[in-house]
Amino acid sequence: MIYKIVSATDTFGSWRNLARDSLRQGLKPSDIVWSLEGATSNDLFASLGEAGDAMAADTRKVPRHFLELARNCVCHSDAERFSILYELLFECVKEPMIFENALHPLVHQIMAMSKSVSRDKHKMKAFVRFKEDLQSDTVRRKFTAWFEPEHHIVEETTAFFVRRFNDMDWCIATPKGSAFFVDSKLTFNPSPAARITADDDTENLWKTYYANIFNPARLKLDAMRSEMPKKYWHNLPEAELIKELVSNAGRRVDEMRNSQPTTPSPFANAARAPAISTHEFSAEHFSSITELNKAAQKCQRCSLHCNATQTVVGEGPANAKLMIVGEQPGDEEDLSGRPFVGPAGKLFDKALKATGVSRDSIYVSNVVKHFKFESRGKRRIHSRPNAGEIQHCKYWLMNEIKLIRPKLILAMGATAAGVLTGSDKNLGERRGQLQYSYEIPAVMITFHPSAILRAVNAENENKMMTHFLSDIGKAVVFATSTSIAQQSPPKLPASAVNPANLNNTSQAG
Ligand code: URA
């Protein structure tokens with residue numbers, strides 16, 4: 001039987017050298033008795049483990065993975081750890097693929113040991129609590145900590161503390177050896193240390209700090225129990241606070257909720273954009289419709305831009321004679337960036353076709369350029385713009401009108417009619433007639449296609465559609481008429497105002 005004594009400092013390096021020599025000597029696991037220096041009275045056999053010259057095994061075959069596991073496992077508190085490791089080493093030199101088989105009893109055991117050591121190292125980093133030695137007269141501040149690790153991890157873990165607490169002297173004492181960092185020099189004493197019970201002001205400071213950073217709203221008891229096992233509690237000054245902090249958590253969450261400040265919406269500033277006075281409409285702001293559209297893309301005159309995808313500007317030739325204005329973009333318009341492309345737009349297109357009007361020849365726009373909606377589940381439901389939003393957006397519409405200079409504007413629906421005529425009187429009574437305003441061209445009013453889509457019954461829908469087609473037809477004739485003095489719209493042939501023509505493409509063209 002050969003006795004191998006592993007050094008209590010640099011344990012991994014020591015075991016690795018002894019194991020390598022044993023392999024070279026061709027020693028079988030059953031030939032060796034392993035022990036840790038200081039943990040056995042067999043020191044006098046240590047010399048028996050000295051390296052021999054024989055090269056009985058090719059140690060280059062040792063997989064890197066084994067060394068990583070071994071580095072952890074030599075720290076394990078199991079007295080058999082060195083022999084278990086050597087057994088696995090012996091096996092994996094013969095069969096390097098052994099690590100592929102996680103169910104192999106030795107591989108499984110070593111992995112479990114390594115995991116346990118890793119966890120212990122992690123706990124040491126998290127749970128060491130230093131207390132200041134206020135009696136110390138050294139230039140550097142001096143701290144001590146008492147910790148009870150499960151495994152022999154102190155030496156392996158102290159590098160972490162050296163990095164973190166480099167500007168002070170400290171000692172971490174444990175029943176499994178102690179680390180000392182004095183004047184930037186690290187030393188390790190493998191002997192069990194006596195428990196340190198010092199109390200100091202930093203401990204009270206730490207407790208106050210802990211109680212303050214404890215967030216009752218984030219309390220997760222199960223995670224806390226697994227992260228902070230009870231066995232560590234007696235060395236954690238904050239542990240005595242935990243019971244009370246946990247039992248008061250519910251009340252504190254309520255208090256926090258009740259004292260929440262009512263913060264303004266992050267878009268409040270944008271929403272507080274200055275009102276636009278009408279005199280701005282008369283100023284020459286933009287030299288072209290392209291310039292206006294570019295500027296409108298950045299519009300933050302009201303809060304609607306906050307939730308909309310983009311500004312939906314008008315579309316059509318810059319010299320169009322007829323301009324048609326709706327209320328505001330809908331869901332599909334908001335996504336595509338083009339006016340009247342959703343369900344209302346489809347009806348509008350059909351009506352244009354039925355009356356023989358090419359959409360390419362007219363300028364189509366809206367009073368409000370951003371989609372206003374309410375979210376219901378995944379759907380965005382159209383919501384009517386309010387007076388303030390309309391007033392802010394009027395700026396764009398008026399500048400569009402100034403640049404396009406259409407002969408006639410066809411206002412579809414109450415919002416456009418209200419903005420363009422300054423009156424919200426009954427639409428049904430005013431539609432189809434010319435309205436004049438001192439600051440913009442002639443306006444004609446008609447129904448909004450969405451109103452037709454929402455008609456209560458087929459009869460109503462048919463009636464509204466007839467008027468809609470008739471109004472579009474009249475508007476086109478007026479807008480394209482060469483007679484400047486024309487005051488009343490001409491009569492249209494009956495075929496142009498028949499909703500039945502909607503599906504009759506030959507008549508529409
Ligand atoms: N309704 C409108 O008023 N305008 C559009 O662009 C789409 C639907």
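**Notebook: helix H16, cavity and cores**

I looked first at the end of H16, where Gly-422 follows the helix with a positive phi near 75°; helices (H or I, at least four residues) and strands (E, at least two) are DSSP runs, numbered from the N terminus. The model is predicted, so I note that local features need pLDDT of at least 70, side-chain atom pairs count only at pLDDT 80 or more, and totals for chains, interfaces and linings use all residues. Residues are numbered from 1 along each chain as its sequence is written, and side-chain values use heavy atoms, with hydrogens and water left out.

I then listed the buried residues (under 20% relative accessible area, 1.4 Å probe, protein chains only) of H16, residues 414-421: Thr-415, Ala-416, Ala-417, Val-419 and Leu-420. Their cover includes strands S8 (322-326), S12 (408-412) and S14 (442-446), and helices H15 (387-404) and H17 (427-430).

I turned to the nonpolar cores, each a set of buried Ala, Val, Leu, Ile, Met, Phe, Trp, Tyr and Cys residues joined through side-chain atoms within 4.5 Å. The largest has 61 residues, of which Trp-15, Phe-66, Tyr-86, Leu-89 and Trp-170 touch the most other members. Helix H3 (residues 81-94) gives the largest share of this core, 9 residues. Another core lies apart from it, with 32 residues, among them Ala-351, Leu-410, Ala-417 and Ile-445.

I checked the contacts (heavy atoms within 4.5 Å) of Leu-89: beyond neighbours within four places in sequence, they are Trp-15, Ala-19, Leu-23, Val-62 and Phe-66.

Definitions and conventions: Buried < 20%, exposed > 50% of the residue type's maximum accessible area, 1.4 Å probe, protein only.
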